[in-house]
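Student: Could you take me slowly through one part of this protein, the empty spaces inside it, and then show me how the helices around the chain pack against each other? I would like a careful account that I can follow with the structure open.

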Amino acid sequence: MGVFKIEGGHSLKGDITPQGAKNEALQILCAVLLTSEEVRIDNVPDIIDVNKLITLLGNLGVKITKHGKGSFTFKADEVNVGYLETEAFKKEGGSLRGSIMIVGPLLARFGRGYIPKPGGDKIGRRRLDTHFEGFINLGASFRYNREDHFYGVEAPNGLTGTYMLLDEASVTGTANIVMAAVLAKGTTTIYNAACEPYLQQLAKMLNSMGAKITGVGSNLLTIEGVSELKGCTHRILPDMIEIGSWIGLAAMTKSEITIKNVSWDNLGVIPNTFRKLGITLERRGDDIYIPAHTNGYEVKTDIDGSILTIADAPWPGFTPDLLSIVLVVATQAKGDVLIHQKMFESRLFFVDKLIDMGAKIMLCDPHRAVVIGHDFKSQLKATTMSSPDIRAGISLLIAALSAKGTSTIQNIEQIDRGYEDIEARLRAIGAKIVRE
């Protein structure tokens, strides 16, 4: 298991370009299973979770050609659906949560899809009911092998469009159901659909392949089923979670950083949420410029003077993947912040590591933490810690880069799951970080 050694307390300077969006890539890659024609995808991030899914597609029989960094062509004209019932697949599929999204395309095109209970971050309960209830609504039969934790859906006579109201606005659940519905007979209406930019990108890609999806960008999608889809070319958006991470890094280390080509129009409330913490952001074309915050940053209270609360919400609300970043940035703000993580009950449990570094944080319950900012009057202290999940890992890395002394972060494979070549990219702007 690798570790990062980080010498903190240095200001950084320069440009950094965000990778392709991890969460979009996992959806888009699964969609190649919907057609026998070639699909080219550009700006694919080179990270563990995405590479695992590409390997899985190859083992399913998808022909994969790499054209260069981040560019691939996929051709799913000889898919081996039988691979889904092998022991190798049970092990492989169970190690990656994103593998759940192969089920919708396989069910739609081949009449069956199977998946072991998927892995991923240990951030609390992550139910799959929305996915399978959607497939059942479309006419699939469901089975679950409790002994092997193996799920299956089958529709040998095809799927039929229908109206459904999702029990939660699940991003991956919506994506899975949409991919199943595009080849169903008749019209499918999905209400309470997730509408994140990732979903919008997926819908745009599917429409370019011949699907008929309307309502893109809203929580009410209408899908008129078609008999087949053709190939296409698609480019993945820059990763908005990584963009938020670099904003937080710049503020915490008092660094002057320009984040290049961020696709401002797809960032939603992210820039303004960081502005509420007192962080200065400038839009320069499609870049974000963050000046060095040599005098720190002051939290803006609510209009009535009450403590600022930052909470996650379905898009266009604030993404839960950035709450860990906001929390660590708040530790050096001037003022107090209440962080309310509504979605996952274990995501805030990494705060004990920040408390060990000297942060003033009160964990109220599994979902809420009050952060009392130091205003840089007291620097965080270096320590040895372990990364419990992707987003906590990058938050601890940001804390270490701002801390006094040399910190060690263990279990960095968690960070590698979501961030491409991170130590080289950080060293390029002056960070003192090595992988051992």
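Tutor: What follows looks at the cavities, then at two unusual spots in the backbone, and then at the packing of helices. Please keep in mind that this is a predicted model.

Rolling a probe the size of a water molecule over the atoms shows where empty space is left. In this structure there are two cavities of 30 Å³ or more, and the largest of them has a volume of about 60 Å³. Its lining is made up of Val 178, Ala 194, Cys 195, Leu 199, Gln 200, Ala 203, Ile 213, Val 216, Gly 217, Ser 218 and Leu 221. Helix 7, which runs over residues 197-208, gives the most to this lining, with three residues. If you sort the lining of the largest cavity by class, you find eight nonpolar residues, three polar ones and no charged ones.

The second largest cavity holds about 50 Å³ of space, and the residues that line this cavity are Pro 197, Tyr 198, Leu 237, Pro 238, Met 240, Val 262, Ser 263, Asn 266 and Leu 267. Here the division is seven nonpolar, two polar and no charged residues.

One of the residues lining the second largest cavity, Ser 263, deserves a second look for its backbone. Most residues other than glycine have a negative phi, and most peptide bonds are trans. Ser 263, however, has a positive phi, near 60°, and Ser 263 sits in the loop between strand 14 (256-259) and helix 9 (270-276). The other spot is the peptide bond between Trp 315 and Pro 316, which is cis, with omega about 15°; Pro 316 belongs to the loop between strand 17 (308-311) and helix 10 (323-330).

Now to the helices. Two packed helices are described by the angle between their axes and the distance between the axes. Helix 8 (residues 240-252) packs on helix 12 (residues 390-402) at an angle of about 20°, with the axes 9 Å apart, and the two helices are therefore roughly parallel to each other. The crossing of helix 8 past helix 12 is right-handed. On the side of helix 8 the contact is made by Ile 241, Ser 245, Gly 248, Leu 249 and Met 252, and on the side of helix 12 by Arg 391, Ile 394, Ile 398, Ala 399, Leu 401 and Ser 402. Seven of the residues in this contact are nonpolar, three are polar and one is charged.

Helix 1 (residues 22-31) and helix 2 (residues 48-59) pack at about 5°, with their axes 10 Å apart, and are therefore roughly parallel to each other. Helix 1 brings Lys 22, Ala 25, Leu 26, Leu 29 and Cys 30 to the contact, while helix 2 brings Asp 49, Val 50, Leu 53, Ile 54 and Leu 57. By class, this contact has eight nonpolar residues, no polar ones and two charged ones.

Helix 4 (residues 103-110) and helix 6 (residues 171-181) have axes that come within 7 Å and cross at roughly 15°, so helix 4 and helix 6 are roughly parallel to each other. Their crossing is right-handed, and the contact joins Val 103, Gly 104, Pro 105 and Ala 108 of helix 4 with Asn 176, Met 179 and Ala 180 of helix 6. The residues of this contact divide into five nonpolar, two polar and no charged.

Definitions and conventions:
Residues are numbered from 1 along each chain as its sequence is written. This is a predicted model: local features need pLDDT of at least 70, side-chain atom pairs count only at pLDDT 80 or more; totals for chains, interfaces and linings use all residues. Side-chain values use heavy atoms; hydrogens and water are left out. Axes are lines fitted to C-alpha atoms, for helices over the stretch in contact, and angles run from 0 to 180 degrees between N-to-C directions. Helices (H or I, at least four residues) and strands (E, at least two) are DSSP runs, numbered from the N terminus. Angles under 35 degrees count as roughly parallel, over 145 as roughly antiparallel, 65 to 115 as roughly perpendicular and the rest as oblique. A crossing is left-handed if the near helix is turned anticlockwise from the far one by less than a right angle, and right-handed if clockwise. Contact means heavy atoms within 4.5 Å. Ala, Val, Leu, Ile, Met, Phe, Trp, Tyr, Cys and Pro count as nonpolar, Asp, Glu, Lys and Arg as charged, and the others, Gly among them, as polar. On a 1 Å grid over the protein atoms alone, a cavity is a set of points where a 1.4 Å probe fits but cannot get out, and a pocket is an open set with protein on both sides within 12 Å along at least five of seven lines; lining residues have an atom within 4 Å of a point. Grid points are joined across faces, edges and corners, and a volume is the space filled by probe spheres set on the points.
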